[in-house]
Amino acid sequence: MKKDIHPDYHTINVVMTDGTQYTTRSTWGAEGDTMNLDIDPQSHPAWTGGNQHLLDRDGRVSRFKKKYEGLGI
């Protein structure tokens with residue numbers, strides 16, 4: 001293997017949006033740096049099942065709903 005091509009792998013602190021923190025190893029930053037997250041699994045709708053909005057472009061969603069409205073789904 002080639003020498004000196006791999007990034008430095010060190011310990012950092014990660015602070016979640018609710019203030020909790022944990023220590024992990026990463027190539028981000030320098031030894032002992034703190035990464036403050038803006039989005040994490042406790043706050044992001046993708047993980048929490050938050051409200052989803054359908055974007056109806058050119059009436060596609062409306063046409064689909066009208067086409068299948070009689071199926072009782």
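What does the secondary structure of the protein chain come to? In this predicted model, the answer is two helices and three strands. Reading from the N terminus on, you meet the elements in the order β-β-β-α-α. With that outline in mind, let's walk through the chain together.

Start with the strands. They form an open sheet of three strands, and the order across it is E2-E1-E3, with mixed pairing. Strand E2, residues 21-26, and strand E3, residues 34-36, are the edge strands, and each of these pairs on one side only. From one strand to the next, the twist averages 35°.

Now look at how E1 and E2 fit together. Strand E1 covers residues 10-15, and six bridges join E1 to E2. These two strands run antiparallel. To find your place along the pairing, pick out Thr11, which stands opposite Arg25 in E2. Asn13 gives you another marker, since Thr23 in E2 is the residue it stands opposite. E1 and E2 form a hairpin, with five residues between the two strands. In the turn sits Gly19, whose phi is positive, at about 100°.

His10 deserves a stop of its own. This residue is found in strand E1. Is His10 buried or exposed? His10 is buried, because its relative accessible area is 2% and the cut-off for buried is under 20%. Its contacts help you picture the surroundings: leaving aside neighbours within four places in sequence, His10 is in contact with Thr24, Arg25, Ser26, Thr27, Trp28, Gly29, Ala30 and Glu31. One residue of that list, Gly29, also has its backbone oxygen reached by the side chain of His10, at 3.1 Å.

Next, go back to the segment before E1, where you will find Asp4. Its phi is near 60°, a positive value in a residue other than glycine. Why is that worth a look? Most residues other than glycine have a negative phi. Asp4 counts as exposed, because its relative accessibility is 82% and exposed means over 50%.

Further along the chain, turn to the aromatic rings. How many aromatic pairs does the count come to? The count comes to one aromatic pair, formed by Phe64 and Tyr68. Their rings lie 4.9 Å apart, centre to centre, with 50° between the planes, and the pair is tilted. The two partners fall into separate classes of exposure: Phe64 is exposed, with a relative accessible area of 53%, whereas Tyr68 is partly exposed at 36%. Phe64 earns its label because 53% is over the 50% cut-off.

Finally, step back to the chain as a whole. The protein chain has 73 residues, and buried residues make up 10% of them; His10 is one of the buried residues. The protein chain exposes about 6700 Å², and carbon and sulfur atoms supply 51% of that area. As for contacts along the sequence, take those with a separation of 6 or more: residues 24 or more positions apart account for 7% of them.

Key
Residues numbered from 1 in each chain as written. Predicted model: local features only at pLDDT ≥ 70, side-chain atom pairs only at ≥ 80, totals over all residues. Heavy atoms only, no water. Pairing = 2+ DSSP bridges. Helix = DSSP H or I, 4+ residues; strand = E, 2+ residues; numbered from the N terminus. Axes fitted to C-alpha atoms, helices over the stretch in contact; angles between N-to-C directions. Buried < 20%, exposed > 50% of the residue type's maximum accessible area, 1.4 Å probe, protein only. Contact = heavy atoms within 4.5 Å. Areas by Shrake-Rupley, 256 points an atom, 1.4 Å probe, with all protein chains shown as cover. Phe/Tyr/Trp six-rings, centres within 6.5 Å; stacked < 30°, edge-to-face > 60°. Polar contact = N/O pair within 3.5 Å; in protein donor to acceptor, adjacent residues only side chain to side chain.
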